[in-house]
Amino acid sequence: MSHRLALTPAEQADFEEFKARVRRRTGLDLSLYSEAQMHRRLAGLLERARVDSFAAYSQLIESDPAELSAFLDRLTIHVSALFRNPEKWLELREQVLLPAAALGRALRVWSAGCSFGAEPFSLAMLLDDVAPRQRHYLLATDVDPSILDRARRGVFSEQEIQSVPPRYRHSYLTPQPDGFHAAERLRERITFRQHDLLRDPFETGFDLIVCRNVVIYFTEEAKGALFRRFAASLRPGGHLFLGSTERMPNARELGFSSPVPFLYRREA
């Protein structure tokens, strides 16, 4: 298959069969992902594997666990950092977490599409800062089991912690030869779980859902369905925190207001 985005009818039929085989093998529904982005990601995998069709590649990932893992890694690109876009995390702290902590109860927070753990560990630091004596529920999920294994370790590179506030870096991160290790008390407070946002059931009653730089990879139909499910998972007054390139075009229809860009509040 060439690197062009437009497929011939035969290649498109090959791709449709590939999607069906992937769904049977992994449960992932690739039809809910942006097809143009999917083609770009897969082109490199096919070239690296030295196969020239989706049919040949589907046979490869069915027979080779390492290639299946590489496919899942490529499907869910893991580019992140702790406190990525730090000004937005400051807004989250000041406008959401501090007022919520003032209510005097434990909070329910979900990092949806948590990748290698930068996002949930950022949240864990904030929660420990604003309400240290509460036993908050912090759920962190991702579709990729191998990246969850890395996330559970809570080890980050120098580049990945560049935006961590200095006092948080001092309090919660310890330099070791293999990177900066998150404090044990933070790791203990995060519940990691494999979860497919496009297929699996959602928990409910969340005060905050953080899903940043994830929905940009989905089709418009899948985005709409996902936003509706997020709305149903939030308690009234709960917030949804999106990435700096993501917006919810029908926020009012779903019962959201937006006090600041990329932060959406579910109204009662």
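Visitor: What makes helix α5 oblique to helix α6?

Guide: In this predicted model, helix α5 (residues 86-101) packs against helix α6 (residues 118-130) at an angle of about 45°, and their axes lie 10 Å apart. Angles under 35 degrees count as roughly parallel and those of 65 to 115 as roughly perpendicular, so an angle of about 45° makes α5 oblique to α6. The crossing of these two helices, α5 and α6, is right-handed.

Visitor: Which residues of α5 and α6 meet, and how many of them are nonpolar, polar or charged?

Guide: On the α5 side the residues are W89, L92, R93, L97, L98 and A101, and they meet E119, S122, L123, L126, L127, D129 and V130 of α6. Sorted by class, the contact of α5 with α6 has nine nonpolar residues, one polar residue and three charged residues.

Visitor: Why is α1 called roughly parallel to α3?

Guide: The axes of helix α1 (residues 9-26) and α3 come within 8 Å and cross at roughly 15°. Since angles under 35 degrees count as roughly parallel, a crossing of roughly 15° makes α1 roughly parallel to α3. This crossing of α1 and α3 is right-handed. From α1 the contact draws on E11, D14, F15, F18, R21, V22 and R25, while α3 supplies F54, A55, Y57, S58, Q59, I61 and E62. By class, the contact of α1 with α3 has seven nonpolar, two polar and five charged residues.

Visitor: How do you know that the buried residues of α3 are on the same side of the helix?

Guide: The buried residues of helix α3 (residues 54-63) are F54, Y57, S58 and I61. Around the axis they cover an arc of only 100°, which puts them on the same side of α3. As background, an α-helix has 3.6 residues a turn, so residues three or four places apart point the same way.

Visitor: Why does Y264 count as buried?

Guide: Buried means under 20% relative accessible area, and Y264, at 5% relative accessibility, therefore counts as buried. Y264 has its place in strand β10 (residues 263-266).

Visitor: Which residues does Y264 touch, not counting residues up to four places away in sequence?

Guide: With those sequence neighbours left out, Y264 touches G238, H239, L240, L242, R247, M248, A251, F256, S257 and S258. As for K88, this residue and Y264 are 176 residues apart in sequence and 13 Å apart in space, C-alpha to C-alpha.

Key: Residues are numbered from 1 along each chain as its sequence is written. This is a predicted model: local features need pLDDT of at least 70, side-chain atom pairs count only at pLDDT 80 or more; totals for chains, interfaces and linings use all residues. Side-chain values use heavy atoms; hydrogens and water are left out. Buried means under 20% relative accessible area, exposed over 50%, partly exposed in between (1.4 Å probe, protein chains only). Helices (H or I, at least four residues) and strands (E, at least two) are DSSP runs, numbered from the N terminus. The arc is that of the directions from the helix axis to the C-beta atoms. Axes are lines fitted to C-alpha atoms, for helices over the stretch in contact, and angles run from 0 to 180 degrees between N-to-C directions. Angles under 35 degrees count as roughly parallel, over 145 as roughly antiparallel, 65 to 115 as roughly perpendicular and the rest as oblique. A crossing is left-handed if the near helix is turned anticlockwise from the far one by less than a right angle, and right-handed if clockwise. Contact means heavy atoms within 4.5 Å. Ala, Val, Leu, Ile, Met, Phe, Trp, Tyr, Cys and Pro count as nonpolar, Asp, Glu, Lys and Arg as charged, and the others, Gly among them, as polar.
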